[in-house]
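Trainee: Could we go through this one by question and answer, with the reasoning spelled out?
Mentor: Yes, with the sequence and structure in view.

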Amino acid sequence: MTIEIRSAPHIKAPRNVAMIMRHVVFSLMPVCAFFVYQYGLSALASLLVVTGSCLLTERLFVKTGTQAGDISDFSAVITGLLLALSLPPAFPLWMGAVAGFVAIALGKALTGGIGFNVFNPALVGRAFVQAAFPQAIATYSPSFLPGRFSEFVPSSLAWPLMQPADLMLWLKVKQLDALAAATPLARWKFEGVLAGAEELLTSLSGHMAVGPSPLLILLCGSYLAVRRFLDWRIPAAILGSAGLTAWLLFALSPERFPNPFFMLFSGGLILGAVYMATDMATSPVTPKGMWVYGALIGLLTVIIRYYSGLPEGVMYAILIANAATPLIEKVTQPTPFGKSALAKIGHAKRGASYPLHPGYISREEAHAVTPKKRFLWNKPKRDERHKPGEHR
Amino acid sequence: MKLVSWFRGEAFQRGVHPPSCKLTAHTRIRRLPFPPRVIVPLSQHIGKPPRPIVKVGQEVVRGQPIAKAEDWLSVPHHAPVTGRVEFIGLKPGMRGPWVESIVIRAHPGATQEDLWGEPRDLSGASAQEILQAVWDTGMVGLGGAAFPTHAKLSVPQQAKVHTLVVNGCECEPYLTCDHRVMVEQSDDLIRGIRYAMRATGARRAIVGIEDNKPDACDAVRAAIARAGTLPEGEIHAEMVPTKYPQGSEKMLIMALFGVEIPAGGLPVSLGMVVNNVGTLAALGRLLPVGQGLTERVVTITGPGVARPGDYIVPIGTPLSFILDFAGAFDAQAKEVILGGPMMGQAAASLEVPITKGISGIVVMRAQDMQLDRERKIYPCIKCAQCVESCPMGLNPSMLGMLAAKREYDLMGSRYHLGECFECGCCSYVCPSNIPLVQQFRVAKQILREKAVARKSS
């Protein structure tokens, strides 16, 4: 019998990187399926091309030894799927391939691969195409078009390096409601048309030109949160802070600003909050930091949406918060056990004398009173805290 | 004791839930026969090793002192078998390097009864006399840390102790020796608690038992009821929610009372003394008969063992003898762990003996360790699992990154490396297989060496 010598712990929780990534991919599957059901062939092609491009790029950089990790860890699949879901469903495929390449090459490989990326790769890819192809990225095809499974939306199949065909024209030729080709956010922003409650409800289930269904994303995200594959604090903080900021502005002038529910459920806020901001490598690890990070994203999103020239603000909000992550982490380190205010009072030096805890219970009353958990009412009084020369 | 019960729902924050795998929770403690020779290492505890007082060739009787304590943090040893001293010198130790040991060849047919020591009455003894009696037994903490018990029970001049906390948690997977001791030796345990209460002056003792062993709690409560009203004060058994690492005294006090022991402080600064149930049960058995510690209960278990169980093992029995007896060589055993799988050490050799601080021998096969096949180490993906699980509230992710950059001083000064007690929760949960706690051990060792160098220069 040969024995091995290894340092403790000798057992290991069954979770590993590939498993975490795999679960995120699994949880994205219903979202993708509904996305394809909504937009048909174009969406399917977009998902496949963008993800394929991400995987090929990852393979290239891993093969050449530029980045850590390997292709089997599924992280490139997540990047590809999220990128495709955040792009318009009929985005020209060649542009999608470029976006995938940029996402992995600039967003991930440049900084050393999995775990080392500063920015969410999918958002880096999207930011690039937003800057490079502003017109294509603002054009949404309406969902549930008749015949969406038999033919592509013409913009999907644009020749590489060519601009896509005009979607509005195509819609007119097909005699469809061309208005729906603008997202509710863009229509509010540029045309001053606010989505009504009915429209909001239909957009919740993905019945408008909005991309993947927010309700489905919330559902799939909560599965991940329950299984602890993402931290619930981040989406909670984002939605909370975005909702609060939007509600505050709405309360100040209801005629200028849309109501907070519209803010929360339109555009990519839910997708960003659940799947993109929670990207592990680019979000803080400390619980307090997660709250700060989420609150920052929510606030920035609403500010960008209200005051900038862009219809959507989630992407930039998350990228800015990604950049702030190291700083946030630095100032929100957890308090170690035994270093809190109460514990400091009874600070004792190991091996030297043992100054007594001021909340010390005498031997006689010991059996009647038990030291309680720290609450407002049994915090030591101020004068007890500062007895000169006694407890230090 | 309603208050403590009220806190039952309140455990400490964070921690992990490894699979408990208590294979031997319901088998009775059995006795192991004597090996042909026992190896008693002189250094079995924290502190200076004792000095041998026997010569090679000398006949010794089971229970006879064979090594004498040198200073305060050192305890005597007693002969575990009746036989002849064969060798005094270096033998392989459990940590790898060779250690000074006394080898005794057992007489064939020697009895397992202790032949040394005589009954005594400690009912009127003062705290000092009880401490001296504890010291004479050579008792160290049987939970694993092996800190001399008399030193742990002695209360500093200025401090007053009001509570004796008895640690019956046994949060490590696989280990059940404390569990079985509570079930089968609960009267000894109560007697030991009474001695410890007299030694420390505590008026109250609380046995903290994890709620995955309700039968142990019932047994201890029954024993308390049998003991009736005690002159020393009152004893209670309390259940605490199961979680690793509750066996740590800081975590147990947090779970029972909801107070944090100050960083760098000891429980005695809050008026508490913590002792392990195995230690107190052994004290309760040994003190009235005036004998020394010659044997202890060891859990021999793991998926690689054919006949797992809790055994009374003479101190100094070589691992190979025990494993042979328990049938570990039939399976494809891969790793022999001394202690539990979370904090125990891998045995460097099968010729090393059982010492006073070893509570279990866990034999693992390769497939049970749930390690990745190739044990591929990924970069840290900052999943925050380690931060969520660190019971001391540290940031193992950050510490690990600093360790990789060899920024040991920064780890100690800014990120509280000194607070880490190496429970291994961070390494257990890390999905990237980063050996976090292993890195911290190295970093702490380097910091310690640096501090020593600074002091001497």
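Trainee: How are α4(B) and α8(B) oriented to each other?
Mentor: This is a predicted model. In it, the axes of helix α4 (residues 177-184) of chain B and helix α8 (residues 277-286) of chain B come within 9 Å and cross at roughly 40°. Angles under 35 degrees count as roughly parallel and 65 to 115 as roughly perpendicular. The crossing falls in neither range, and α4(B) and α8(B) are therefore oblique.

Trainee: Which residues make the contact between α4(B) and α8(B), and what is the hand of the crossing?
Mentor: From α4(B) the contact involves B:Asp178, B:Val181 and B:Met182, and from α8(B) B:Val277, B:Gly278 and B:Ala281. As α4(B) passes α8(B), the crossing is left-handed.

Trainee: How are α3(A) and α4(A) oriented to each other?
Mentor: The axis of helix α3 (residues 75-86) of chain A comes within 10 Å of that of α4(A), and the two cross at roughly 135°. An angle over 145 degrees would count as roughly antiparallel. That value is not reached, so α3(A) is to α4(A) oblique.

Trainee: Which residues of α4(A) make the contact with α3(A)?
Mentor: The crossing of α3(A) past α4(A) is right-handed. On the α3(A) side, the contact is made by A:Ala76, A:Thr79 and A:Leu83. On the α4(A) side, the residues are A:Ala99, A:Gly100, A:Ala103 and A:Ile104.

Trainee: How many residues of helix α7 of chain B are buried?
Mentor: The helix covers residues 249-257 and is mostly covered. The buried residues are B:Lys250, B:Met251, B:Leu252, B:Ile253, B:Met254, B:Ala255, B:Leu256 and B:Phe257. Just after α7(B), B:Gly258 has a positive phi of about 70°. The count for the helix is 8 of its 9 residues.

Trainee: What kind of aromatic pair do A:Trp94 and A:Phe133 form, and how far apart are they along the chain?
Mentor: The structure holds 8 aromatic pairs over all chains. In this one the ring centres are 5.3 Å apart and the planes are at 70°, so the pair is edge-to-face, the class for angles over 60 degrees. A:Trp94 is in helix α4 (residues 93-107) of chain A and A:Phe133 in the loop between α5 (121-132) and α6 (134-137), at a separation of 39 residues.

Trainee: Are A:Trp94 and A:Phe133 buried or exposed?
Mentor: The two rings form an edge-to-face pair. Both A:Trp94 and A:Phe133 are buried.

Trainee: Is B:Trp135 buried or exposed?
Mentor: B:Trp135 pairs with B:Trp72, with ring centres 5.3 Å apart and planes at 90°, so this pair is edge-to-face. B:Trp72 lies in the loop between β5 (65-68) and β6 (77-78) of chain B and B:Trp135 in helix α2 (residues 127-137), so the pair ties together parts 63 residues apart in sequence. B:Trp72 is partly exposed, with a relative accessible area of 43%. B:Trp135 has 19% relative accessibility, and under 20% it counts as buried.

Trainee: Which residue has its charged end over the ring of A:Tyr37?
Mentor: In chain A, A:Arg15 lies over the face of A:Phe229, 4.4 Å from the ring centre. Over the ring of A:Tyr37, at 5.2 Å from its centre, sits the charged end of A:Arg148.

How values were computed:
Residues numbered from 1 in each chain as written. Chains lettered and ligands numbered in written order. Predicted model: local features only at pLDDT ≥ 70, side-chain atom pairs only at ≥ 80, totals over all residues. Heavy atoms only, no water. Phe/Tyr/Trp six-rings, centres within 6.5 Å; stacked < 30°, edge-to-face > 60°. Helix = DSSP H or I, 4+ residues; strand = E, 2+ residues; numbered from the N terminus. Buried < 20%, exposed > 50% of the residue type's maximum accessible area, 1.4 Å probe, protein only. Lys NZ or Arg CZ within 6 Å of the ring centre and 35° of its normal. Axes fitted to C-alpha atoms, helices over the stretch in contact; angles between N-to-C directions. Left-handed = near helix turned anticlockwise from the far one by under 90°. Contact = heavy atoms within 4.5 Å.
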